[in-house]
Amino acid sequence: MTSREPETAASPKFAPDTLVVETGRPPRTDGASVNPPIDLSSTFVSTGDIDASPYAYARFDTPAWSPFEEALGSLEHSALPGLVFGSGLAAISAVISLVPAGGTLVIPTHSYQGALASAEQIAHRQGFDLVTVDIADTEAVIAALDEASTRTAAADAAAASAGEGRVGSESGLGMLWIESPTNPMLEVADVPALTTAARDRGFLVTVDNTFATPLLQTPLDLGADIVVHSVTKYLAGHSDVVLGAALTSSVELRERLHTERSMRGAIAGPFEVWLALRGLRTLAVRLDRAQTNAQAIAERLTAHAGVVETRYPGLPDDPGHARASEQMNGFGAIIAFTVDTAEKAIAIAEAVRLWTPATSLGGVESLIERRRRHPSEPVTVPEGLIRLSVGIENLEDLWADLEAALG
């Protein structure tokens with residue numbers, strides 16, 4: 001099945017909040033379904049050269065994925081359809097695996113803990129350097145890239161003198177990984193400046209766009225080579241599927257990621273992808289309501305005597321506010337606030353009745369979590385930091401419940 005595509009990456013026909021509803025649907029012919037069917041076949045009729053068949057076996061490609069992959073590609077302004085993975089971490093790990101032996105992965109100190117853990121494991125296995133940086137400090141990030149370039153050049157020279165091949169590969173010197181805003185500290189990177197600096201130095205650039213979604217930020221337009229998503233979060237939006245995605249406008253990079261997905265078996269089930277596409281239809285209205293709630297709650301938290309610090313890019317005095325205002329179309333619906341002890345943070349998470357104490361984010365329901373309860377969370381995350389994923393419930397109900405817990 002070929003879905004109808006109402007826009008191109010170069011010249012969008014519809015606004016993003018229309019695209020989430022319109023993309024990834026069947027062709028408009030008399031009697032056609034409005035929604036794509038769920039194709040449950042694991043194998044397909046195929047003769048002759050298997051590489052010439054559009055579908056042969058569902059581990060490689062299936063029409064069950066195509067509508068969602070095309071829709072996400074349109075939203076992220078990619079020249080190619082996205083690649084859906086069995087989880088966000090599967091997509092992240094596939095992308096990190098592109099870093100060559102002898103190269104360097106520069107990644108934010110405050111990143112999704114799964115990304116950090118995966119990066120450590122893959123770096124050890126593949127033999128590349130892992131460097132963590134404050135992604136909001138542009139000069140520090142560029143210095144880390146320069147240091148990595150110098151280190152790789154020295155290794156190349158040593159290898160050449162020993163009669164060995166180049167340390168790097170077609171992936172260049174390595175990769176700069178950007179989260180913006182970061183998880184859970186909500187730091188905002190200067191994405192255009194960093195992508196320019198990294199690519200000028202021979203590094204690929206990947207942006208995790210989970211927090212912002214393509215409605216608030218399109219990193220490929222800002223110079224990134226690859227975008228990753230935990231589809232589990234805002235894109236699917238209902239806390240009922242586990243999926244990931246990766247996107248690129250590079251044919252070569254997409255083919256390498258496709259091979260990584262196929263050979264590692266990091267694939268998604270047809271029904272989960274169909275649910276994600278259905279969830280995508282309401283992304284604009286869900287995000288609009290959640291952002292409105294988040295802005296009001298963040299402002300009230302800053303005025304609360306029991307709160308030490310509130311981080312939310314929508315606050316005028318937030319360190320990331322100016323950058324977010326320039327490169328994003330909104331500030332998202334994640335808030336981080338800190339109380340003075342871990343014990344108080346635990347008590348608050350246990351005292352709420354409307355907010356749900358749980359990990360993850362981006363669903364219609366509001367979630368609350370003390371992040372340092374995860375042993376793998378960086379020690380630079382305060383013990384008393386609480387992350388809020390603000391949902392679409394009534395604002396005053398949400399605030400009354402949180403205010404009572406704070407008291």
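Hi everyone, let me begin with one pair of residues: T310 has F337 in β9 as its bridge partner. One caution before I go on, which is that this is a predicted model.

T310 itself belongs to strand β8. Is T310 buried or exposed? T310 counts as buried because its relative accessible area is 11%, and the cut-off for buried is under 20%. Leaving aside residues up to four places away in sequence, the contacts of T310 are A298, L301, T302, L315, D318, I335, A336 and F337. So let's follow the chain neighbours across into β9.

Strand β8, residues 309–311, runs antiparallel to β9, and the two pair over three bridges. Besides the pair I opened with, R311 has A336 in β9 as its bridge partner. On to the other neighbour: β9 also pairs with strand β12, residues 385–389, again in the antiparallel sense, over five bridges. Here I335 stands opposite L388 of β12.

If you step back, these strands sit in an open sheet of five, in the order β8-β9-β12-β11-β10, and the pairing is mixed. The edges are β8 and β10, residues 356–357, each of which pairs on one side only.

Now, how enclosed is β9? Strand β9 covers residues 334–338, and five of the five are buried, so the strand is largely enclosed by the rest of the structure. As a reminder, in a regular strand the side chains alternate between the two faces of the sheet. In β9, I334, A336 and T338 point one way, while I335 and F337 point the other way, and all are buried.

Let me move to a helix. Helix α8 runs over residues 251–264, so to speak our ruler for today: 14 residues, and 20 Å from the first C-alpha to the last, close to the 20 Å expected at 1.5 Å a residue. Which residues of α8 are buried? They are L253, R254, L257, H258, E260, R261 and S262, a list that has charged residues for you to look up on screen. The cover over these buried residues includes the helices α2 and α3 (88–96), along with β1 (83–85), β5 (203–208), β6 (226–230) and β7 (244–248). Right after α8 comes G265, with a positive phi near 70°.

Next, salt bridges. How many does a search of the whole structure find? The search finds 17, and I'll show you three.

The first to look at joins the side chains of E22 and R28, at 3.6 Å from N to O. Its two partners have unlike surroundings: E22 is buried at 14% relative accessible area, whereas R28 is exposed at 67%.

Then there is E396 with R300, whose side chains meet at 3.0 Å, N to O. This pair links distant parts of the chain, since E396 is in helix α13 (residues 395–406) and R300 is in helix α10 (residues 283–302), 96 residues apart. Both count as partly exposed, E396 at 44% relative accessibility and R300 at 27%.

And the last example is E369 with R373, where the closest N and O atoms are 2.8 Å apart. E369 is buried, with a relative accessible area of 2%, while R373 is partly exposed at 47%. This bridge belongs to a network: salt bridges that share partners join E369, R371, R373, E377 and R387.

To finish, let's go out to the surface. Which residues make the nonpolar patch of about 300 Å²? I38, L40 and F271 make it. One of them, L40, lies in the loop between α1 (16–22) and α2 (66–75). L40 counts as exposed because its relative accessible area is 65%, and exposed means over 50%.

So, if you keep one picture, keep β9: paired with β8 over three bridges, paired with β12 over five, and with five of its five residues buried. Thanks for listening, and I'm happy to pull any of these residues up on the screen.

Methods:
Residues numbered from 1 in each chain as written. Predicted model: local features only at pLDDT ≥ 70, side-chain atom pairs only at ≥ 80, totals over all residues. Heavy atoms only, no water. Patch = residues over 30% accessible without salt bridge, like charges linked within 9 Å, V, L, I, M, F, W, Y side chains within 5 Å. Areas by Shrake-Rupley, 256 points an atom, 1.4 Å probe, with all protein chains shown as cover. Salt bridge = Lys/Arg side-chain N within 4 Å of Asp/Glu carboxyl O. Helix = DSSP H or I, 4+ residues; strand = E, 2+ residues; numbered from the N terminus. Buried < 20%, exposed > 50% of the residue type's maximum accessible area, 1.4 Å probe, protein only. Pairing = 2+ DSSP bridges. Contact = heavy atoms within 4.5 Å. Expected span 1.5 Å × (residues − 1).
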